[in-house]
Amino acid sequence: MDHGVAHLSQKCDAKLTHSLRRSQTPKVSVVVLNWCGEEETRACLYSVLQSEYPAFNVVLVDNGSPDGSGERLQCDYPNLDFIQIEENCGYTGGNNRGIQFAIDRGDDYVLVLNNDTEIDRLCIKFLVEAATERDDVGGVTSKILYHHVPARIWYGGGHFSPLHGLGIHWSEGESDVRSGTHVPEEVSFMSGCCLLLSCRAMREVGGFVDELFAYVEDAELCLRLSRSGYRMLYQPNARVLHHSRPTGEPPTPFQIRQRDRNRRWVMRRYFGPRYLIPFFARFYASRLILVVRYLAVGDWGRARAIVQGSFGGIGP
């Protein structure tokens, strides 16, 4: 056979294979993690079950809830896949159980969804459309809006900041603009609040780091995906409402401790002196200022959490 004809035949075969792959509806598992949040979890499940996507299953994971909410949810939603964990494994460990369940079942994607969210009926459809545009897409995240102010953006894309050791939200607090055509945009930070992950990528790079337990785990996974050659996209047409804390409300001591411990761990793991020196200079200067402020108003719990987060190891 002529080499030119053979080459053309190979290109046609490749296009046909790609076309056939895209014509098959990808299977999605939606992982919802519950820990003593029965009311929010029910609202989240209700929104997911209204989705206009033909090939999804819901995996409900109970993270050792001591209030019996896991048993009640399992009883009221008998058709959902249910995983009961005996102890609280955190956001990381609980969602990893659901991710592994989806991988073992042979699904194409797993949607990690906070239980304090409610998704639009077309959310899954738009996320999958963006994810299937190219083979190197490892994950897609959505536009996330404040539940109590749906016209205001909580997350509109983002990037990882080595100076802060955190993922930075774009457009946070801005008004949502729905006019015009919105196309997926490449990002370096995807919010774990709503995160569609390629099961192929998860098999290669692994899920969340169990030891991080909660906070900054999404940023760590994004760094790992990026360094493994995967692209990450923000899909503004996929919309989610999030029951987030009111703007300006101070973080809890647990949030302070976990976030600061984990961001120090992430920076040491992925960055060298060029980034570590400015990060730690800013980090410890800002922690000192916050400790003084909290002590001045008698907030011993948050002051103690800052010290623990500044020097303690990762874990709950």
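**Figure 1. Val-30 of β1 stands opposite Leu-111 in β4.** The model is predicted, with local features requiring pLDDT of at least 70, side-chain atom pairs counted only at pLDDT 80 or more, and totals for chains, interfaces and linings using all residues. Residues are numbered from 1 along each chain as its sequence is written, and side-chain values use heavy atoms, with hydrogens and water left out. Strand β1 covers residues 28-34 and runs parallel to β4, joined by five bridges. Strands pair here if DSSP finds at least two bridges between them. Strands (E, at least two residues) and helices (H or I, at least four) are DSSP runs, numbered from the N terminus.

**Figure 2. Strand β4, residues 109-113, is mostly covered.** Five of its five residues are buried. Buried means under 20% relative accessible area, exposed over 50%, and partly exposed in between (1.4 Å probe, protein chains only). In a regular strand the side chains alternate between the two faces of the sheet. From β4, Tyr-109, Leu-111 and Leu-113 point one way. Val-110 and Val-112 point the other way.

**Figure 3. β4 pairs with β11 in the antiparallel sense.** Five bridges link β4 to β11, which spans residues 194-198. Val-110 has Leu-197 as its bridge partner in β11. Leu-113 stands opposite Cys-194.

**Figure 4. Strand β11 is largely enclosed by the rest of the structure, because five of its five residues are buried.** Cys-194, Leu-196 and Ser-198 point one way from β11. Leu-195 and Leu-197 point the other way. Strand β6 (residues 137-146) also pairs with β11, running antiparallel over three bridges. There, Val-140 has Leu-196 as its bridge partner.

**Figure 5. Val-31 lies in strand β1.** Val-31 is buried, with a relative accessible area of 0%. Its contacts (heavy atoms within 4.5 Å) include Val-110, Leu-111, Val-112 and Leu-113, leaving aside neighbours within four places in sequence. Val-59, Val-61, Asn-95, Gly-98 and Ile-99 are also in contact with Val-31. Leu-60 is 29 residues from Val-31 in sequence, yet the two are 6.0 Å apart in space, C-alpha to C-alpha.

**Figure 6. Helix α7, residues 217-227, is mostly covered.** Nine of its 11 residues are buried. Among them are the charged-type residues Glu-217, Asp-218, Glu-220 and Arg-224. Ala-219, Leu-221, Cys-222, Leu-223 and Leu-225 are buried too. Just after α7, Gly-229 takes a positive phi of about 95°.

**Figure 7. The whole protein holds 10 helices and 12 strands.** Its C-alpha trace spans about 80 × 50 × 40 Å along the principal axes. The radius of gyration is 21 Å, which agrees with the value near 20 Å for a compact globule of 316 residues. That radius is taken over C-alpha atoms, and the globule rule is 2.2 Å times the number of residues to the power 0.38. Of the 316 residues, 50% count as buried. Among contacts between residues at least 6 apart in sequence, 74% join residues at least 24 apart. The exposed area is about 15,200 Å², with 54% supplied by carbon and sulfur atoms. Accessible areas come from the Shrake-Rupley method with a 1.4 Å probe; for residues, only the protein chains shown count as cover.
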